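Let's take a walk through a protein model and stop at a few spots along the way. Keep the picture open while you read.

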Amino acid sequence: MHKLTAGDGYAYLTRQVAAGDGALGPDASLTAYYEQTGNPPGRWHGARLAGLGIGAVSRLVPGDRVTEDAMAAVFRDGHDPLTGQPLGRPFPHCDSSHAPTGDASRTTPRRAVVGYDLTFTAPKSVSVLWALSDDETRATVYRAHWAALDATLAFVEQAVVRTRVGQGGCRQVRTAGMIAAAFDHWDTRLGDPNLHTHVVLANKVQGADGLWRSLDGRTVHAAVVTVSELYDTHLADELARRLPVTWSMRGRGPRRNPAFEVDGIGDDLLTHFSARSSQIHCAEQQWAAQFQADHGREPSRVETTRARQHLARATRPPKQVWALADLLTDWANRARALTGVEPVDLAARALGGTYGRALHAHDVGPEVRDALVAQVLDDVSTRRSVWTTWNLGAAAARATKPLRMATPAERRALLNTVTAQAAAGCVHLDDTRDPDTRRVGEELFTSTELLAAEKVLLDAAVTPTPAGLTPLALHDPRYQVDALLEPLAGDQRAAAQAVLTSGRLLDALVGPAGSGKTTTLAALTSIWRRRVGTVVGLAPSATAAHTLAASLAVPCETTAKWLHETIGDGAVARAQQYAQWRAAEATAATPAELHRARAAQLTLRTEQSRWTLTRHQLVVVDEASLADTRTLADLVTLAADAGAKVLLVGDHLQRGSVDAGGAFAMLVRRGPTAELKSLFRFTHPWEARASLELRRAHPAALDAYQAHGAFTSGTRIDMLDVALDAATTARKAGRVAVLQAADNRTVRDLNARAHALAIEAGTVRPESAVMLHDGLTASPGDRIVARHNHRRLRTPDGHLRNGSLWDITRVLPDGALLAQPATASPPADPRRDIDRRGGRLGDTGHPAARGTIRLSAAYVAAHVELGYATSTARTQGITADETHTIAAPGMAHEDLYVAMTRGRHHNHTYVVLDDPDIDCLPGDPHPPTARPILEQILATSHAEPTATETWHTYHRHQPPPVPPALPQQARPRSTLSAGLGRPSYTPPASHDGPVLSI
């Protein structure tokens, strides 16, 4: 989904969407386009079409053809397309007085939204089946797509389309329906099959009082995922009703929802019809050869960069105007060349199933419903600490995808039942709100388990522990603590002293990027080891744990590994083996058998002691903002049982956990915390000051960065090329440079460009190549990154870690790789390597660190990607010489703050101006600038609210419904979270659970 704005927003509809993104000229006719391509014309949709043309000779009904004049009237002017009368307030148009000025601090006014483009895309396997089938089957697939779309739009009209009335729009009310225009398209910009329909909702709806108002866009945004999942389930039902097809889930990598695809359409076809074009690379090679022939020399780097930028634009497929018949012929030829099989036979492989009996809602018995509800609750509670009815609805659609339902009504009935039952099993956080002020689907929920986990952390922050120093001991000459703290700055010294003497079970050490948290931690743990007890270092990722170990000179592990071995499956397996050896000892018939049994028990006890906390131990959790709530609660509970102490270290204003989190930020807000304020990382004082403003999302921070030339803006293609060129130049000069973006798609595009550039430069040998997990190819000389821990694969510095960088030395015939640790020019100050996550950003040039490993073909295919660029999620915690970051709308403030604080000497951001979500379209007399986009990023936060804080927002004088913790002896040892309690929450009698009327 993306929104369309006033001014020339309607032009996007008439000349981009309706024309298949072909960007017709201003004088071109849509009629000519349809006749040329054979694509069907757009169609009107929505019940509120009946409210148009009152008094006119003709009326619009669903299915009528969309004309250019009618689209302009609705989406440009906000007028009735038949009578020309305003539908409420007309849309404001762009005004020259709103043009950006030279004052960088001025905020560009937001344009009025005229509509929302919802794009419904069939799964890739359905598009391929449709593309390769005979005419009859193709028509059947298309009818199934539109039947699913009709059913989904009926839900959108009933449950999503709302408006607001009252003072300041304080109350959401139903409407009489929607006005929408739908446009079918067949292919991607690169010419791959892609059956999809753009449905553009007009930002004009009519209330029960007959007045026209704006659509409540916030609800449209909130419902998008649920609507998407609902379309997928309807399409699966409709297709299975018409054709003998079966569906199944296909994995797409860690932390991604599996894809729901038609069986029989092979991954080779899906990959082939999803591949990016190699036109740019071929054009570059031809240009380079011609340049050398014309000039008698190799082109310079500047010449190559400029040429690449030009060729990227020149060869970019402009969504050419193709007839559907020509596309079908091309797809058939490509499939035939790839597989050697006739296209219709490839499609027939997907039609080998049988027509099974579709289900009615009452066919799904209570046991199955309970299992579905449990799956829904596990889904939402794993992803977030607080969820909404929309989240429950999306999870219910995902959980019920394998079930084929008889009709859309039966599907909706099942989803309503599962959603309502799941909601009844949650804690309703905002049940005290006035229902009239709450938007549909906006109810807030959590679980008693998460509330209990958060309570464990809050209680630990005020619970005394025997571990630590007394204030008197802190200054006792015999302990020499003052001498050990002397090298620290004032705020670092005060923070270390506060942690050493707090006497609390749980402490938090918080500081902005570059404040010397690692330095403070190293001094603190040194004192602890000398005067109090041992130290255990933990971190959410293996690379962060590796860096922490180097900094603290103590063994460090990931939080997941520690819990696995302490109370998880590792501990359970050892307990079972121990019981078996105890039994063997009791039945030993010979001294040798007795000795073997006792030796095995001793080995198991020794191994378990490695993973057991002890009295007066300090447990340091670095990058604590990335740790989820359950993990932190488990660690704190273990420490409390052992008489140890936990110290959480991080910055709550950086990125948070990918799972249910927010607890570290809650602890920092509640206090007390040990806080660092001085900055030591940055070479330039202005950048240190600006980073603190950026941390708090103050727009004034942009002024300082802009004044020092830290922002460059332009088209996406240009920004990717310029950022890549800058990072490459820095690395060649021996500087450690990070090339990054917030989204994985941009990271992939950067890596693809870097790979092509390396081939062009001769540093990569493309004669042997292997396909990686990200869909790109790699050859000897390429830089790759491991994306999965492999503890049995030994490396020069331990084992293969997620996030470590490697250089390929050889591609083996079976698809395996030989690789060595990534190299870079030796840094000017070798000590910089201590403060780098994973030690893999240019710090492995030391000969002792070199060593070749073999990555199996299976590991390469599942867990290896190109490593020239990375995501901001993976750079949190590292330090480099400079950074080069791609920024675009949709990026969050936390991503920008992390990205702009990794580099000591230089941090540069390249702002993309032509992203489709930008509120400015071709033809606007005032093109977009970097400033409003950066302000939008600063205003966007992905920080997660906690269940406890949300509860107290709506229940100020009422404690959360947390069940009493189980006694220690009753706590299951396989998972400590179970000890926090999972009893069902019984909602108030007046609460029936939300029903979205799906």
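Is histidine 616 buried, partly exposed or exposed? Histidine 616 turns out to be partly exposed, because its relative accessible area is 27%, and the cut-offs are under 20% for buried and over 50% for exposed. Keep in mind that what you're looking at is a predicted model.

**The whole chain**

Let's zoom out for a moment. The protein chain contains 34 helices and 34 strands. It runs to 998 residues, and 55% of them count as buried. If you take the contacts with a separation of 6 or more, 73% are between residues 24 or more positions apart.

**Some unusual backbone spots**

Most residues other than glycine have a negative phi, and most peptide bonds are trans. Here are two residues with a positive phi, although neither is a glycine.

| Residue | Phi | Loop | Relative accessible area |
|---|---|---|---|
| Histidine 616 | about 70° | between α23 and β18 (618-621) | 27% |
| Alanine 697 | about 60° | between α26 (685-695) and α27 (700-707) | 23% |

Alanine 697, at 23%, counts as partly exposed. There's also a cis peptide bond to look at: it joins glycine 671 and proline 672, with omega at about -5°. You'll find proline 672 in the loop between α25 (663-670) and β20 (674-675).

**A helix with two sides**

Now find helix α22, residues 569-586. Its 18 residues reach 26 Å from the first C-alpha to the last, close to the 26 Å expected at 1.5 Å a residue. Which residues of α22 are buried? They are Gly570, Ala571 and Arg574. These buried residues cover an arc of only 90° around the axis, so they sit on the same side of α22. Over on the other side, Asp569, Gln576, Gln580 and Ala586 are exposed. The cover over the buried residues of α22 includes α21 (559-566) and α23 (591-610).

**Two helices side by side**

Last stop: helix α6 (residues 217-242) and helix α13 (residues 389-399). They pack at an angle of about 10°, and their axes are 8 Å apart. That angle makes α6 roughly parallel to α13. Among the α6 residues in the contact are Thr219, Ala222, Val225 and Leu230, while α13 brings residues including Trp390, Gly393 and Arg398. Sorted by type, the residues of this contact are 7 nonpolar, 4 polar and 2 charged.

Note on methods: Residues numbered from 1 in each chain as written. Predicted model: local features only at pLDDT ≥ 70, side-chain atom pairs only at ≥ 80, totals over all residues. Heavy atoms only, no water. Helix = DSSP H or I, 4+ residues; strand = E, 2+ residues; numbered from the N terminus. Expected span 1.5 Å × (residues − 1). Buried < 20%, exposed > 50% of the residue type's maximum accessible area, 1.4 Å probe, protein only. Arc of directions from axis to C-beta. Contact = heavy atoms within 4.5 Å. Axes fitted to C-alpha atoms, helices over the stretch in contact; angles between N-to-C directions. Parallel < 35°, antiparallel > 145°, perpendicular 65-115°, else oblique. Nonpolar A, V, L, I, M, F, W, Y, C, P; charged D, E, K, R; others polar.
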